Amino acid sequence: MSNKSPPPRPAPRLYLATPLLDDPAALLAELPALLAAADVAAVLVRLKETDQRTMISRIKALAPVVQNAGAALLVDGHPEIVARGGADGAHLPDIAALEEAMPSLKPDRIAGVGGLETRHESMNAGEMGADYVLFGEPDTKGQRPSAQAIAERLDWWAELFEPPCVGFAISFEEAYDFAASGADFVLVGDLVWADPRGAKAALIEADAAIKKAFAAAAAGQSQHPT
């Protein structure tokens with residue numbers, strides 16, 4: 001038996017969800033500065049439902065901007081258009097959608113999944129080959145678990161399983177707590193876009209919160225951000 005300690009966990013990174021997009025022109029203009037301002041690992045593109053050709057063209061417009069900044073572009077749902085749009089993968093809303101999408105996404109593209117209501121479902125997603133599991137997103141009625149419950153689920157997953165886990169944060173405090181609890185990525189959406197200071201300032205603050213939490217956890221500290 002080796003007594004070597006496991007390698008240190010990499011610092012958590014941001015996962016940025018876009019607003020629900022119709023015309024992506026405004027976002028295209030804003031994205032380069034946003035992605036340069038903070039450590040964003042991936043962008044989740046949320047598209048308004050329309051015809052498939054239009055959605056593919058919107059992905060094609062966004063993909064190079066995101067990818068040239070060193071981030072991955074994932075499509076929220078719609079695994080059937082990932083390859084044709086030049087995206088890096090898809091986020092699936094539940095385990096049934098993940099199972100259905102796996103043949104079209106693997107082995108070349110990312111398949112992430114949310115909507116995991118139980119620990120058993122989460123483990124099933126990992127066994128199916130999900131590239132990450134998301135905890136804490138609102139359900140179809142806008143309900144979500146408490147921040148403490150989300151943090152506990154992240155801590156459980158990070159302790160036991162290899163695939164990355166993502167925490168869905170609706171406040172800077174949650175971003176800090178989820179990073180401290182073991183999230184590999186922190187997903188932010190409306191937290192950034194609705195900030196009166198502008199998306200760039202909010203994204204920088206979210207990035208700072210998760211890095212501070214990671215540093216505190218690595219130092220064996222548990223204090224809250226002041």
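**Close-up 1. His78 in the loop between β3 and α3 of the predicted model.** His78 counts as buried because its relative accessibility is 14%, below the 20% limit used for that class. The loop that holds His78 runs between β3 (72-76) and α3 (82-85). The backbone of His78 has a positive phi of about 55°, although the residue is not a glycine. Most residues other than glycine have a negative phi.

**Close-up 2. The cis peptide bond before Pro107.** The bond from Lys106 to Pro107 is cis, and its omega is near 10°. Most peptide bonds are trans. Pro107 is placed in the loop between α4 and β5 (110-113).

**Close-up 3. Surroundings of Ala90 in strand β4.** Strand β4 covers residues 89-92 and includes Ala90. With a relative accessible area of 0%, Ala90 is buried. Gly77 is 13 residues away from Ala90 along the chain, and the C-alpha atoms of the two are separated by 6.0 Å. Neighbours within four places in sequence set aside, Ala90 is in contact with Leu74, Val75, Gly77, Pro79, Val82, Leu105, Ile110, Ala111 and Gly112.

**Close-up 4. Helix α1 and its bend at Leu31.** Helix α1 spans residues 25-37 and bends by about 40° at Leu31. A proline, Pro32, follows the bend within four residues. Which residues of α1 are buried? They are Leu27, Leu31, Leu34 and Leu35. An α-helix has 3.6 residues a turn, so residues three or four places apart point the same way. The elements packed against by the buried residues of α1 are two strands, β1 (13-21) and β2 (40-47), and three helices, α2 (52-68), α8 (190-193) and α9 (199-218).

**Close-up 5. Leu35 of helix α1.** Leu35 is buried, with a relative accessible area of 8%. Beyond its neighbours within four places in sequence, Leu35 is in contact with Val40, Val43, Val65, Val66 and Ala69. The C-alpha atom of Leu35 is separated by 9.1 Å from that of Leu203, a residue 168 positions apart from it along the chain.

**Close-up 6. Packing of helices α4 and α5.** Helix α4 (residues 95-105) packs with α5 at an angle of about 5°, and their axes are 10 Å apart. The angle is under 35 degrees, and α4 and α5 are therefore roughly parallel to each other. On α4 the contact is made by Ile95, Leu98, Glu99 and Met102, and on α5 by Glu121, Asn124, Ala125 and Met128. Sorted by class, the contact of α4 with α5 has 5 nonpolar, 1 polar and 2 charged residues.

**Close-up 7. Packing of helices α5 and α6.** Helix α5 (residues 119-128) and helix α6 (residues 147-160) pack with their axes 12 Å apart and at an angle of about 40°. How are α5 and α6 oriented, roughly parallel or oblique to each other? The two helices are oblique, because their angle falls outside the ranges for roughly parallel, antiparallel and perpendicular. The crossing in which α5 passes α6 is right-handed. Arg119, Ser122, Met123 and Gly126 of α5 meet Glu152, Arg153, Trp156 and Trp157 of α6. The residues of this contact divide into 3 nonpolar, 2 polar and 3 charged.

Technical notes:
Residues are numbered from 1 along each chain as its sequence is written. This is a predicted model: local features need pLDDT of at least 70, side-chain atom pairs count only at pLDDT 80 or more; totals for chains, interfaces and linings use all residues. Side-chain values use heavy atoms; hydrogens and water are left out. The bend at a residue is the angle between axes fitted to the seven residues ending there and the seven starting there. Buried means under 20% relative accessible area, exposed over 50%, partly exposed in between (1.4 Å probe, protein chains only). Contact means heavy atoms within 4.5 Å. Axes are lines fitted to C-alpha atoms, for helices over the stretch in contact, and angles run from 0 to 180 degrees between N-to-C directions. Angles under 35 degrees count as roughly parallel, over 145 as roughly antiparallel, 65 to 115 as roughly perpendicular and the rest as oblique. A crossing is left-handed if the near helix is turned anticlockwise from the far one by less than a right angle, and right-handed if clockwise. Ala, Val, Leu, Ile, Met, Phe, Trp, Tyr, Cys and Pro count as nonpolar, Asp, Glu, Lys and Arg as charged, and the others, Gly among them, as polar.
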